[in-house]
Amino acid sequence: MSRMKKSSVISKFCRYLSHFFKKLINFLTMRRFLTRVVNRVLLSASFSPAMGTEAEIHTQGRRKMVVGLGNPGMEGTRHSVGMAVLGALAARLGVADRWRGDKHVSGEVILSEVKQTDVVLLRPRLLMNVSGASVAKAAAKYGIKAEDILLVHDELDKPLGKTALKHGGSARGHNGVRSCVDCLQTDVMPRLRIGIGRPTGKTSVERHVLSRFTAEEQKVLDSVLVQSVDLLLSQLCPQDSQCASSPAGGRQAAQTRKERERWVSPAEDSASAQS
């Protein structure tokens, strides 16, 4: 092939590549734009906080909320591991039978208490990409500040068996977290990131995150659920007390302090993984 023909082929390839990336960028931009529009529409739906006993439960003191991100109807998949952690937390607190639907927040909630701290457990009933609308509505209904909302979600960049606590910062490509940041208009929410690992071979990311754990992986996940609940309880308990609901009579104070120190800033995030 002559030098002129080679140059022509390279030029055509570069033009094609440039056109492809422009299309890709436009698609991703439009997708994010449409997601934000849906978030706004869902948030615009007015709701009236319920009256009576439910409204009186949270009236004094600082309240916290733990959100298990996932896709409704797809419990048990990797992408919904946040829901599994939240379910394990509810079981540890002895309130697993108290889930109830709340149309005002587009989700299922449990109102509980951890060592005199009012806690709301929330499972959004919206798709992951727009789940932030449910979180924002629940925060408004129960008067919870963004910094007191703990998001639990899957993390592709960490292998199964690894978890990490992150204190705010960017969504790092997670659509559920991005929706929460968009709807709450802040990124200060702490997150418990549960590793699910990246796909191997020719398996696509989408197929991987929507798949279920194998029998061997489930054994690892069982251990992760216990560890994750321990970490959540260490954050929900007042700093000068132990959680009565911790296994085997509770953790030692030194262990509780050690777990608290696992909260890291975005800049330290790369060092925050633990087994």
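**Exercise 1. A lysine in a loop**

At a relative accessibility of 40%, how does Lys 115 count: buried, exposed or partly exposed? Find its place in the chain and describe its backbone as well.

*Solution.* Before we start, keep in mind that this is a predicted model.

Step 1: Buried requires a value under 20%, and exposed requires one over 50%. Lys 115 has 40%, so it counts as partly exposed.

Step 2: Look for Lys 115 in the loop that joins β3 (107–114) to β4.

Step 3: Now the backbone. Lys 115 has a positive phi of about 50°, although it is not a glycine.

**Exercise 2. An arginine to set beside it**

Which loop holds Arg 172, and what is its phi?

*Solution.* Step 1: Arg 172 sits in the loop between β6 (163–167) and α5.

Step 2: Its phi is positive, about 55°, and Arg 172 is not a glycine.

Step 3: For the surface, its relative accessible area is 42%, so Arg 172 is partly exposed.

**Exercise 3. Two helices that meet**

How do α4 and α5 lie to each other: parallel, antiparallel, perpendicular or oblique?

*Solution.* Step 1: Find the helices. α4 covers residues 132–142 and α5 covers residues 175–184.

Step 2: Take the geometry. They pack at an angle of about 45°, and their axes are 7 Å apart. Roughly parallel would need an angle under 35 degrees, and roughly perpendicular would need 65 to 115. α4 is therefore oblique to α5.

Step 3: The α4 and α5 crossing is right-handed.

Step 4: List who touches whom. From α4 come Gly 132, Ala 133, Val 135, Ala 136 and Ala 139, while α5 brings Ser 179, Cys 180, Cys 183 and Leu 184. Sorted by class, this contact of α4 with α5 has 7 nonpolar and 2 polar residues, and no charged ones.

Step 5: Here is a helpful idea for reading such lists. An α-helix has 3.6 residues a turn, so residues three or four places apart point the same way.

**Exercise 4. How covered are these helices?**

How many residues of α4 are buried, and how many of α5?

*Solution.* Step 1: In α4, 10 of the 11 residues are buried, which leaves this helix mostly covered. Among them are Ser 134, Lys 137, Lys 141 and Tyr 142.

Step 2: In α5, 7 of the 10 residues are buried, so this helix is largely enclosed by the rest of the structure. They include Gly 176, Val 177 and Asp 182.

Step 3: Check what follows each helix. Gly 143 comes just after α4 with a positive phi of about 65°. Gln 185 comes just after α5, and its phi is positive too, about 60°.

Step 4: Now step back to Ser 131, in the loop between β4 (117–124) and α4. With 0% relative accessibility, Ser 131 counts as buried. Setting aside neighbours within four places in sequence, its contacts are Leu 69, Pro 124, Leu 126, Gly 176 and Ser 179.

**Exercise 5. A second pair of helices**

At what angle do α3 and α7 pack, and which classes of residue make up their contact?

*Solution.* Step 1: α3 (residues 81–92) packs against α7 at about 65°, with the two axes 9 Å apart. The two helices are therefore roughly perpendicular.

Step 2: The crossing of α3 and α7 is right-handed. Its contact residues include Val 81, Ala 84 and Val 85 of α3, and Leu 221, Leu 225 and Val 226 of α7. The contact of α3 with α7 divides into 12 nonpolar, 1 polar and 2 charged residues.

Step 3: Zoom in on Leu 221, which belongs to α7 (residues 215–236). Leu 221 counts as buried because its relative accessibility is 4%. Beyond neighbours within four places in sequence, Leu 221 is in contact with Val 81 and Phe 213. Leu 221 and Val 81 are 140 residues apart in sequence, and their C-alpha atoms are 9.1 Å apart in space.

**Exercise 6. The whole chain**

How many helices and strands does the chain have, and what percentage of its residues is buried?

*Solution.* Step 1: Count 8 helices and 8 strands.

Step 2: Of the 275 residues, 44% count as buried.

Step 3: For contacts with a separation of 6 or more, 73% join residues 24 or more positions apart.

Note on methods. Residues numbered from 1 in each chain as written. Predicted model: local features only at pLDDT ≥ 70, side-chain atom pairs only at ≥ 80, totals over all residues. Heavy atoms only, no water. Helix = DSSP H or I, 4+ residues; strand = E, 2+ residues; numbered from the N terminus. Buried < 20%, exposed > 50% of the residue type's maximum accessible area, 1.4 Å probe, protein only. Contact = heavy atoms within 4.5 Å. Axes fitted to C-alpha atoms, helices over the stretch in contact; angles between N-to-C directions. Parallel < 35°, antiparallel > 145°, perpendicular 65-115°, else oblique. Left-handed = near helix turned anticlockwise from the far one by under 90°. Nonpolar A, V, L, I, M, F, W, Y, C, P; charged D, E, K, R; others polar.
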